[in-house]
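Reader: I should like to learn how the features of this model are read. May we take them one at a time?

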Amino acid sequence: MSSSPSAPGLSPIADASPVSLCARAPHVPAERLVAEMVPPPRFDSVRFDTYIPDPNQPSQTEAVRILEGFAGGLGGAHAVGGGKRGLFGLGRAKAPKTPAGPRGVYLDGGYGVGKTHLLASLWHATPAEPALKAFGTFVELTNLVGALGFQQTVKTLSGHRLLCIDEFELDDPGDTVLVSTLLGRLVEAGVALAATSNTLPGKLGEGRFAAADFLREIQGLSAHFRALRIDGEDYRHRGLPEAPAPYADEQVTKAAYATEGASLDDFPHLLAHLATVHPSRYGALTDGLRAVCLTDVQPVPDQATALRLVVLADRLYDREVPVVASGLPFDRLFSEEMLNGGYRKKYFRAISRLTALARDGKSLVAGH
């Protein structure tokens with residue numbers, strides 16, 4: 001992959017010039033798309049015993065107890081297949097009747113109570129090799145269907161012991177029906193399910209729990225889920241420093257050339273390039289990056305572009321890649337119409353995550 005040419009008057013401090021994301025066009029085989037459905041790097045080391053329940057919130061301790069039991073019950077042979085299958089489910093035996101009783105858990109709680117920590121801990125605790133369990137966000141799952149097709153996705157995942165879905169989206173009826181149909185097929189194949197979900201638009205100030213919304217949206221699948229309510233306060237909302245103000249173009253460029261493994265791109269050009277890469281490949285787009293440097297950040301022009309940027313922000317956040325940017329601050333990326341529309345939860349999440357990564361990038365600018 002090509003690197004950016006040296007900027008006038010600048011000599012690289014790092015061993016190589018920064019790369020350009022716009023020069024990357026990754027082709028990701030289906031095997032990698034599925035293999036990468038694991039907890040993101042920031043959750044590599046989480047386990048049930050690293051989750052510290054609030055002594056004032058007994059539901060947190062109870063959730064850990066139930067999830068540990070759920071994970072333990074997933075050992076042994078596949079629920080219906082009786083053995084290991086190939087990547088695309090070829091050669092599987094005829095499935096007997098699916099066992100009775102809940103085959104899924106739904107973690108219901110407000111922001112910052114540790115739902116993703118617990119979901120990732122369940123994935124780690126399930127006694128099966130990584131190839132037989134999958135973890136991804138709702139958006140990643142819909143992107144997988146887009147990349148592989150519905151039937152191929154069913155074949156790919158039906159040999160798994162467990163599928164964990166973080167941030168089940170309740171704001172897109174079409175995608176919700178698609179994923180609910182997929183989950184129904186997987187339940188029939190004996191796959192155990194676990195999920196968390198986002199609060200519906202318009203209900204962000206009406207309480208923090210969404211189990212009723214989730215169970216209604218998945219309709220016929222609701223009997224397969226046991227809802228676990230996790231009470232608690234958001235552990236993340238206190239004491240966070242403000243996001244740094246955007247830098248000058250020259251500062252961003254110097255930081256890119258001084259940072260090994262950095263990328264350097266003009267923001268409008270990057271947005272245009274994202275339209276040429278399937279969102280399922282955005283993880284591969286960020287392979288090997290240690291920082292993302294962006295010049296001329298501007299308002300996102302339309303909703304399709306905005307939703308692609310949301311996916312990129314998620315992948316950068318999952319991989320803990322710091323961001324250094326010039327132009328507008330990230331809280332001005334999206335129009336008021338977007339922030340008041342049906343996808344506003346996604347946009348607020350992107351702002352929050354890009355702001356956190358901008359804080360992480362502050363040290364790359366200091367002294368340059």
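Author: Let us begin inside the protein. The model is a predicted one, and the lining of its largest cavity holds eleven nonpolar, no polar and no charged residues.

Reader: How is such empty space found in general, and how many cavities of 30 Å³ or more does the count come to here?

Author: Rolling a probe the size of a water molecule over the atoms shows where empty space is left. In this model the count comes to one cavity of 30 Å³ or more. The largest cavity contains about 70 Å³ of space.

Reader: Which residues line the largest cavity?

Author: The lining consists of Phe-267, Leu-270, Val-292, Leu-294, Leu-309, Leu-312, Ala-313, Leu-316, Val-323, Phe-330 and Leu-354. Two or more lining residues come from each of α9 (267–274), β7 (291–297) and α11 (303–318).

Reader: Which element gives the most to this lining?

Author: That element is α11, with four residues.

Reader: How are α9 and α11 placed against each other, and at what angle do they pack?

Author: The axes of α9 and α11 lie 10 Å apart, and the two helices pack at an angle of about 95 degrees. Angles of 65 to 115 degrees count as roughly perpendicular, and α9 and α11 are therefore roughly perpendicular to each other.

Reader: Which residues meet where α9 and α11 pack?

Author: From α9 come Phe-267, Leu-270, Leu-271 and Leu-274, which meet Thr-305, Arg-308, Leu-309 and Leu-312 of α11. By class, this contact has six nonpolar residues, one polar and one charged.

Reader: I should now like to turn to the sheets. How do strands of a sheet pair in general, and in what order do the three strands of the open sheet stand here?

Author: Strands of a sheet pair through backbone hydrogen bonds, either parallel or antiparallel. In this structure, three strands form an open sheet in the order β6-β7-β8, and their pairing is parallel. At the edges stand β6 (262–266) and β8 (323–327), each of which pairs on one side only. On average, and with direction ignored, neighbouring strands of this sheet are turned by 10 degrees against each other.

Reader: How many bridges are there between β6 and β7?

Author: The parallel pairing of β6 and β7 runs over five bridges. Within it, Ser-263 stands opposite Val-292 in β7.

Reader: Which helices pack on or lie across these strands?

Author: Helix α8 (residues 249–258) packs on the sheet and touches β6, β7 and β8; its direction makes about 160 degrees with that of β7. Helix α13 (residues 344–365) lies across β7 and β8 and runs at about 90 degrees to β8.

Reader: What is the strand order in the open sheet of five strands?

Author: The order is β2-β3-β4-β1-β5, with parallel pairing. Its edge strands are β2 (133–137) and β5 (225–230), each pairing on one side only. Neighbouring strands of this sheet are turned by 15 degrees against each other on average, direction ignored.

Reader: How many bridges join β1 to β4, and which helix packs on this sheet?

Author: Strand β1 (residues 104–109) runs parallel to strand β4 (residues 192–197), and four bridges join them. Leu-107 stands opposite Thr-196 in β4. Helix α7 (residues 211–218) packs on the sheet, touching β1, β3 (162–168), β4 and β5, and its direction makes about 160 degrees with that of β5.

Definitions and conventions. Residues numbered from 1 in each chain as written. Predicted model: local features only at pLDDT ≥ 70, side-chain atom pairs only at ≥ 80, totals over all residues. Heavy atoms only, no water. 1 Å grid on protein atoms, 1.4 Å probe; cavity = no way out; pocket = protein on both sides within 12 Å on 5 of 7 lines; lining within 4 Å. Points joined across faces, edges and corners; volume = space filled by probe spheres on them. Nonpolar A, V, L, I, M, F, W, Y, C, P; charged D, E, K, R; others polar. Axes fitted to C-alpha atoms, helices over the stretch in contact; angles between N-to-C directions. Parallel < 35°, antiparallel > 145°, perpendicular 65-115°, else oblique. Contact = heavy atoms within 4.5 Å. Pairing = 2+ DSSP bridges.
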